[in-house]
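Please open the model in a viewer and keep the sequence panel visible beside it. The tour below proceeds from the whole chain to selected residues.

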Amino acid sequence: MVYEFAKYPDETLVVFSDIRKKENGEEYIHITFERPTEKGFDTVIFELPSYEIVEKDGNYTEEEIQEFKETVEKGAHLFFKYAREGGIKFA
C-alpha cells in the first residue's frame, strides 16, 4: 500500500509505502518522488531508515534530488508515524 504525502507545482507526486520487513526483520519504508513526462515518469525512490536511493530513473536534476533527500531526512519520523497509522488523515 502507498499513501500520498504531497504534490509539487511541477506535478511531482510524493508517496510513501506502508511499513515492510526485510528477511532479517528490519522495518523499512519507501518514499517515492514521481513526475509524469511525455515518455513515462521521472522517479526517485528512497528507503528509510537507510536514506539510500534504491531507484532512480528519468531526468531529475541533482539539485532536485538533493531537495528530495532533505525532505526525506527532515520528515523521516513523520513518514514512519503515518505509515504505522495507515496514511495521513485529512479532515
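Begin with the contacts across the whole protein chain. Of those with a separation of 6 or more, 30% are between residues 24 or more positions apart. Please bear in mind throughout that this is a predicted model.

**The whole chain**

Display the protein chain as a cartoon and colour it by secondary structure. One helix and six strands should appear. Following the sequence from its start, the order of these elements is β-β-β-β-β-β-α.

Next, show the C-alpha atoms alone. Along the principal axes they fill a box of roughly 35 × 35 × 25 Å. How does the radius of gyration agree with that of a compact globule? The protein chain has 13 Å, and a compact globule with 91 residues would have a value near 12 Å, so the two agree.

**Surface and charge**

Switch to a surface representation. The protein chain exposes about 6,000 Å², and carbon and sulfur atoms supply 49% of that area. Buried residues account for 34% of the 91 residues.

Now colour the charged side chains by sign. There are 12 positive and 21 negative side chains in the protein chain. The centres of these two sets lie 5 Å apart.

**The nonpolar core**

Hide the surface and select Phe16, Ile29, Ile31, Phe33, Phe46 and Leu48. These are the residues with the most contacts inside the largest nonpolar core, which has 18 residues. Which elements supply at least two residues each to this core? They are β2 (13–17), β4 (27–37), β5 (40–48) and α1 (62–85). Helix α1 gives the largest share, eight residues.

Centre the view on Phe33 and display its surroundings. Leaving aside neighbours within four places in sequence, Phe33 is in contact with Tyr8, Thr12, Leu13 and Val14, among others. Its contacts also include Asp42, Thr43, Val44 and Phe46. Select Tyr60, Phe68, Thr71 and Val72 as well, for these residues complete the list of contacts of Phe33.

**Asp57**

Finally, move to Asp57, which is located in strand β6 (residues 52–57). Is Asp57 buried, exposed or partly exposed? Its relative accessible area is 46%, and Asp57 is therefore partly exposed, since that class lies between the limits of 20% and 50%.

Show the residues around Asp57. Apart from neighbours within four places in sequence, Asp57 is in contact with Phe41, Asp42 and Thr43. As a last step, draw a distance from Asp57 to Arg35. Their C-alpha atoms are separated by 11 Å, and the two residues are 22 residues apart along the chain.

Conventions
Residues are numbered from 1 along each chain as its sequence is written. This is a predicted model: local features need pLDDT of at least 70, side-chain atom pairs count only at pLDDT 80 or more; totals for chains, interfaces and linings use all residues. Side-chain values use heavy atoms; hydrogens and water are left out. Helices (H or I, at least four residues) and strands (E, at least two) are DSSP runs, numbered from the N terminus. The radius of gyration is taken over C-alpha atoms; the globule rule is 2.2 Å times the number of residues to the power 0.38. Buried means under 20% relative accessible area, exposed over 50%, partly exposed in between (1.4 Å probe, protein chains only). Contact means heavy atoms within 4.5 Å. Accessible areas come from the Shrake-Rupley method with a 1.4 Å probe; for residues, only the protein chains shown count as cover. Lys and Arg count as positive and Asp and Glu as negative; His and the chain ends are not counted. The place of a charge is taken as NZ of Lys, CZ of Arg, CG of Asp or CD of Glu. A nonpolar core is a set of buried Ala, Val, Leu, Ile, Met, Phe, Trp, Tyr and Cys residues joined through side-chain atoms within 4.5 Å.
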